[in-house]
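Student: Got a model open and want to go through a few spots. Can you take them one by one?

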Amino acid sequence: MVGLSAAAVVMALWWHPQGLHMAEEALFNWLRDRQVLITWLPQNTADRATAVDLKDLPRSQAAVAIWLGQKYKIAPEPLAALVAEAHVLAKRHKLAPHLILAVMAIESNFHPYVQSHAGAQGLMQVMTAIHAKRYEAYGGKLAAFDPITNLRVGVSVLADSIKLKGGSLEDGLRFYLGGDAVTEDGGYVAKVQAEQARLDQVAAGVSVPIQ
């Protein structure tokens, strides 16, 4: 009876390849979770990837991710994760989501590991040494190189900068750039606002050149 049951299961899986695939995936996940034969079984890191399928975003957000990917030569899936997170943080901090994305664009061109001569790090070019306490909740200053963490910390710094300047977006952006020492921003505020305006157009369905 056991043999017949096993044969029936094999035949059922043979005739239904989708079921066979699901059974294989379930078996591999079981083995991975229990670290069985870890020397040859690849580790499942998909859940750790900072990426989102474009079809899981609203159309306007997907359009922004695709446009940014083309302009900055970045894969759209990780950009999709950043776009989605920017919208979440925008509601939390009462900022425009495309302002957040524009700051990232001007600060780092969406490269999460870039570092300035002054020590600003990551997507939002946060001064890690100055804002180390903000990273403590995320495990410490090395979290500056995690894209989502850097984004969250950077947006909190940006929001505080704007509040410090009495709600003035322009003055807040200048303070974010370099504190009170900045007297001439080299066109930084204008660049951020121009990129924000382009993103607003993209989200609205307008065809915007990437150059």
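**Loops and helices**

Tutor: Sure. Glutamine 125 is buried, because its relative accessible area is 11% (buried is under 20%, exposed over 50%, partly exposed in between, with a 1.4 Å probe and protein chains only).

Student: What kind of model is this?

Tutor: This is a predicted model, where local features need pLDDT of at least 70 and side-chain atom pairs pLDDT 80 or more, while totals for chains, interfaces and linings use all residues. Residues are numbered from 1 along each chain as its sequence is written, and side-chain values use heavy atoms, leaving out hydrogens and water.

Student: Where is glutamine 125?

Tutor: In the loop between E1 and strand E2 (126-127). Strands (E, at least two residues) and helices (H or I, at least four) are DSSP runs, numbered from the N terminus. Phi of glutamine 125 is positive, about 50°, although this residue is not a glycine.

Student: And what's phi at asparagine 109?

Tutor: Near 55°, positive in a residue other than glycine. Asparagine 109 sits in the loop between H5 and strand E1 (120-121). At 37% relative accessible area, asparagine 109 is partly exposed.

Student: New topic. Threonine 149: buried or exposed?

Tutor: Buried, because its relative accessibility is 8%. Threonine 149 lies in helix H7 (residues 147-164).

Student: What does threonine 149 touch?

Tutor: Tyr135, Tyr138 and Ala143, leaving aside residues up to four places away in sequence. Contact means heavy atoms within 4.5 Å.
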